[in-house]
Structures are given as structure tokens and as C-alpha cells.
Amino acid sequence: MLGICRGRRKFLAASLTVLFVPAITWIYLFAGSFEDGKPVSLSPLESQPHSPRYTASSQRERESLEVRMREVEEENRVLRKQLSLAQSRSPSHHHGNHSKTYSMEEGTGDSESLRAGIVAGNSSECGQQPAVEKCETIHVAIVCAGYNASRDVVTLVKSVLFHRRNPLHFHLIADAIAKQILATLFQTWMVPAVRIDFYDADELKSEVSWIPNKHYSGIYGLMKLVLTKTLPSNLERVIVLDTDITFATDIAELWAVFHKFKGQQVLGLVENQSDWYLGNLWKNHRPWPALGRGYNTGVILLLLDKLRKMKWEQMWRLTAERELMSMLSTSLADQDIFNAVIKQNPFLVYQLPCFWNVQLSDHTRSEQCYRDVSDLKVIHWNSPKKLRVKNKHVEFFRNLYLTFLEYDGNLLRRELFGCPSEADINSENLQKQLSELDEDDLCYEFRRERFTVHRTHLYFLHYEYEPASDNTDVTLVAQLSMDRLQMLEAICKHWEGPISLALYLSDAEAQQFLRYAQGSEVLMSRHNVGYHIVYKEGQFYPVNLLRNVAMKHISTPYMFLSDIDFLPMYGLYEYLRKSVIQLDLANSKKALIVPAFETLRYRLSFPKSKAELLSMLDMGTLFTFRYHVWTKGHAPTNFAKWRTATTPYRVEWEADFEPYVVVRKDCPEYDRRFVGFGWNKVAHIMELDAQEYEFTVLPNAYMIHMPHAPSFDITKFRSNKQYRICLKTLKEEFQQDMSRHYGFAALKYLTAENNS
């Protein structure tokens, strides 16, 4: 593209020469034909030697001018020839350079608005924008802390990935919570040509903790000040973004602006679009010093190498110390200090066009940054009100934001063709495993699901829980999809202890869940529920993967492996904690069974005691779980004995046994080969038995299954013969694996299966 621009500039220069040189020559000659304000005739007929005005000098001048005219005509002839050659070569020149580089305009579909918005009078199609190499890595730094900010980062990253054409390297300054969430997310997202590095925000607190800050971002809102010290010393430039940013164009366009910096310009910033720094928002309003309206730090271009040479650390610290003597604290976090430094050193700033940071806080001048939708580049939700901010076009901005919020992140796993990418061991292993599968196998889709990497967002909502100090704490573990969301409030009312839930949702459904949870007083009052989103991919419900995700992220020593359709008895949490001590679960391999019952009634007066439950069993209001369709699943619990039991009793494993159990957190995971309906819990209980767990039934514990419409997967199991054939094949392969792993003792599982 750069070559195209150079070619066109030559073309333009040649054209101008052809047009203007003759004109200037004739003007010169015409002007030279005047003497003393009167025209001098150059006609040979009028210029006779005996004319009174004729002199020898004028004759020499005339001859000189005629020679010059002939030279100019010859130059014009040569230029016309070059011009015709340039015209004939330009199409092939364009084609030859297109594959190497692209300018800021290329690939955006928005070249007209870009040209209109950059520089007044810059109407050239080539513009004045330097090229960005196709495979040049763009570096982006983001400060992120906590659960909510982690969600915001995902939306920001989606908007960047949607438009990007270049490899990206994200530098995330994150606290321990955000790092855990985002590390898992990016590891499971597996986006090509994206690298993630984390920097411990907690280690940086001492660098800025001495600055009092009133802004809602807290101490993390000051950490952009120390990026020169935090980021790698060999990193020369970086784009710094707030988490409440949405991109509407390729970030390479912004990266290219670095080439426009001149002299000592080291900061690229957009002017603040509110009147905050003008100090006229209210009586006695006294903002930090700023140059004019000041600058907004939601989007910053940092020339790190030059900033380090300028001793940026010393510069901002001295400025902050001096201003804090009178201001006492910052109101807008790092932005106040950046502006105070710029006030003293205006030469540091390259002012970006305001469409690179359209600030949607109340009472801003953001509408002056765009005349059309195509003018928008970066939207900044920098009001505490976020999507509820007042703006004439807020509905448009909100819809744009929601587009990325609900956009399927799996679609962003796009290759950057022609760009070499770093070797990813996880991706290579996945491709190797998939290549070993036989695509002609009728059960190929079942086998493939075992290796599918599902994008996972841990702790989607705020989580805060410290396990009990007596080491008896128990977490309820379950998984669900969107159609079971209504069970959450009821479970929270029945179980006061910690809960770990894996939710299988699409990106759009995750936002529906968020709105549902935020609108529920019951759910919002509970901070000990961990919601882990596993994003939908493939045609099967990955039930055992979901269980494993929920199991892996508990903080208590014990867990109650339940299902979302069950309501535990009131007080079960405390009862289980006492049972843990009574049965010495810490020092023995036991699986404590909570007997399962069911009702066919959607409205149930939940039994408050075992005696009340037995009465409802006798009346036919309750039944033992699945007694009428799958008796074997819970028959070994021995419900007849349970009716009169007052102490825990041991039962033996039998084929197809699938009770709900309390175990230590170090118990084996569920086998991922089982998806959808069938054998997912059975296989797990079988492995517990193979590892010599004792199954002990609790005499005063119970749980009740609530009715619901059949799941999609059980419908497929019942209607699809191939589904049942594949499930049978997977069962046999699992039993063979058990025999290989556990030896002679595992042969009983094959025998039991054949006899059942």
C-alpha cells in the first residue's frame, strides 16, 4: 500500500509539472513583455532595429527567453512520456504490494470517514498514514482487578479481536483474582496469534499506595503511572486501555499513529470531552491543573523507551508530591497526575483525534467527535453509570456494546494467514489427539467431544468466602444449563453453605444469566456461590466436564456432588459437617451417600424432617428416586433399611449404582468421554469403588428431585438408536480401561455388567 502511495505521488507530481510549468513560463514571458507599465510587443514585425524602443539588451533578453521556452517544451515532452509509463504500470504495482503491508485505511471498509477525520484538507486516498506491517505485533496493556473488571476485559478483547488483522500481545496488570479468571479464559479460548503476559498488580501497590485517590477505581486506577517500570525493558511502545473501552475499528489504525509522533512527544492522548478540568461544574469546584480541557487517559499511546530516558518515574512522582500538598488527593486517579505533568510539559503530548476516545459520560462534548457512524473508532464508557449514561445516541452505542458482549467468542478463533505464530503446546496436543480419531467412525462426534476445549470463565460473579477453620466445610457441587436457571434461588434457600456451579451457556445466555442474577435479591445476597461459565460448543452437553470444572474450583476440604434438579433437606449443610467429623472423613476413603427421592408435583410442601418425609412416601406424594424407570441406579442404598436406620450403615457397590455422595476434594474426576445422557455418574461411582472408597449411607439426610421437562439429551437417547449404540461402545471401552488401570480387581465390573 505504501508503494501505491509513492507511485501516486509521483503521478501527481508529474501531472502538476506538466500543467503548471508552461503556465508559469508564459506568465513570466507575458510579465516580461511590459516595460514602464506598457506592453512591449514581441512580434518580429513590430520589433524592428530602427524602432526607438529597440535596444541591444532587449534583443539578447528576447533570444534568451526563446531558448528557455524551447528547453521547457522539451522537459514537458519527457514528463508526458514518463507519465504515460506510470499510468500503464500502476495496476500491477498495486497488486504487488497489497500482500506485504497495509495502511491504516486498508481492511476497515471505512476509508472515507478515516480520511475525513484525520487532518483537515487531507483528501488524498493514500493519506499521510504510515503502513503497519501485516505481521507486526501490536502490544496492549490493561490494568484489571476483581470479578467485574474481568468481565469487562472480555468484552473489550472481543471488540479488538473482531476487527484485528495483526498478532496481539496483551500485557495484563492483574490482581490474583483477575489473573486466575483471565489465565483460564485465554488458555481455553485458544485464539491464534494472541499472547498473554500477566504482571502482579499486588506487587505494584507499594508504588502508588502513598497517593490518596477518591476515584471508584481505587488503588488500581493509579497503576498506569508505573507501566514504564512494570512492562519489559525491551518493549518500546504500547497502547494502554481502560477496561470500559469498545473498539469499532482495527486497532492497527491506532498503532500506526505512533509514527506521527515528533520530537519529544511520548504520550498520545485524546482531549477530555467534559468540562471537569475547566473547574466550572459547580461552585468551588477545584480540579487538578491541566492544559485547557485536559486529557482523558482511557486510551493512551506510550513511547516507553523515550519515557524511560526522560526519567518518567521521577517526573510524575515529583509532580504528584507537589500537587498533593494543596489538592490532598486525586479525584480521577492517574488522569489527574498525567494532566499535571502535561501542564508543565506540553511538548510531551501528541493530541489524538477525539474519535479515538469518544467519552460517554454525562455532559460531554462527545457528539462533536463524529458526524456519522463510520467516524467512530473507540467508545469509552467512562461514566459510573456505564450503559445508563445520558447521550443523544446512547441507544446506538449500547447496541454496539451489546453486540460484542453477546458475540460468540468461539468465532474469534481465526487464523492470521501468512503470519507465523508461536508454538502452542496445548493446541498442538489437541490437533494430535484429533488427528488420531477416525472420522468415518459412527461414534466420531462422541469421541471428539472428549478432547474439545471449551472456553471457560471462572467466577463470573463476585465470590467471597473463607472456609470454616475447623476443616469440616462442605461445598455443594452441581452443573446446569439455561433451562434449569429457576432452580438456583430454591437451592440457595435450602443450602446456606458454599456452592460451586458450572453453567453451560452461550455468550448471549451468559448475559441473560447475569441480568437474572443481578435482579435476584436471593442470589445477590449470597457471595459464597461460585458461578463458572463453560461456553457452548459442539452438539453434546458435556456434563462430566462441567462437573469437573465445578469440583476443581472449591475452597473447602469436602464436596457434596449433587445435581441442579435436587433440593437438599433444610439443615443438610450443618448435618454433613457433623458427619464429616463423626465418620473421620479426613483420614478415611469414604463416600457418604445422601439418599435421593423424587416428587412428580411441581408444587411441593417440602418435608422438614425424616418423619414427615416417610409419611409422604407412604401417602404416595414422594417416591424413591427413579424407582419406576431405573431402579438399579439407587437400589443399593437400601431404602427399606434407611427407613428405620439411626446410625450410618455401609453398602456395597452394584452395577449401575449412581448415588449422590459427599467426598474429599481429592477424589477422582468424572470421565469426560460420557456426554449428554447415560453413564456419566455410574462411571464415576465405579471408579470410586475401584479406588476402594467405602459407601456409607447417612441415616438422617435426604434430597428430593423436582420435576422438569425431559432434557434434549435424554430425548436423543430415547429416539436415536446410534446414540444408544455409541453409549454402549463407550461403556465397554471404559470398562476395559478400568481393567488395564486397576488390574484383576476391576474384572468384577465386566462380570457385573454381563449379569445385569
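Buried, in this talk, means under 20% relative accessible area. Exposed means over 50%, and partly exposed is what falls in between. Keep those cut-offs in mind for the cysteines. One caution: this is a predicted model.

Disulfides first. How many does the structure hold? Two.

Take C135 and C419. Their sulfurs sit 2.1 Å apart, and a disulfide joins them. The torsion about that S-S bond is about -90 degrees, so the link is left-handed. This pair connects distant parts of the chain, 284 residues apart. C135 is in the loop between β4 (132-133) and β5 (138-144). C419 is in the loop between α12 (394-405) and α13 (425-435).

Now, is C419 buried or exposed? Its relative accessibility is 12%. The limit for buried is under 20%. So C419 counts as buried. Its partner C135 comes out at 31%. That value lies between 20% and 50%, so C135 is partly exposed.

Next, the other bond. C443 is joined to C726, again with an S to S distance of 2.1 Å. The S-S torsion here is -95 degrees, and this link is left-handed. Which parts of the chain does the pair tie together? C443 lies in the loop between α13 and α14 (444-449), and C726 lies in helix α24 (residues 721-742). Those positions are 283 residues apart in sequence, so the bond ties together parts well separated along the chain. Both C443 and C726 are buried.

Two further cysteines deserve a word. C492 has a relative accessible area of 9%, so it is buried. C667 has 7%, so it counts as buried as well.

On to cavities. Searching the whole structure turns up four of 30 Å³ or more. The largest contains about 50 Å³ of space.

What lines the largest cavity? From the 500s comes L561. Then there are P659, Y660, V661 and Y670. K681, H684 and I685 complete the lining. By class, six of these residues are nonpolar, one is polar and one is charged. K681 is the charged one, because Lys is in the charged class. H684 is the polar one, because His is not listed as nonpolar or charged.

Which element gives the most to that lining? Helix α22, residues 680-690, with three residues.

To recap. There are two disulfides, with C135 to C419 and C443 to C726. There are four cavities at the 30 Å³ cut-off, and helix α22 is the top contributor to the lining of the largest.

Note on methods:
Residues numbered from 1 in each chain as written. Predicted model: local features only at pLDDT ≥ 70, side-chain atom pairs only at ≥ 80, totals over all residues. Heavy atoms only, no water. 1 Å grid on protein atoms, 1.4 Å probe; cavity = no way out; pocket = protein on both sides within 12 Å on 5 of 7 lines; lining within 4 Å. Points joined across faces, edges and corners; volume = space filled by probe spheres on them. Helix = DSSP H or I, 4+ residues; strand = E, 2+ residues; numbered from the N terminus. Disulfide = S-S within 2.5 Å. Buried < 20%, exposed > 50% of the residue type's maximum accessible area, 1.4 Å probe, protein only.
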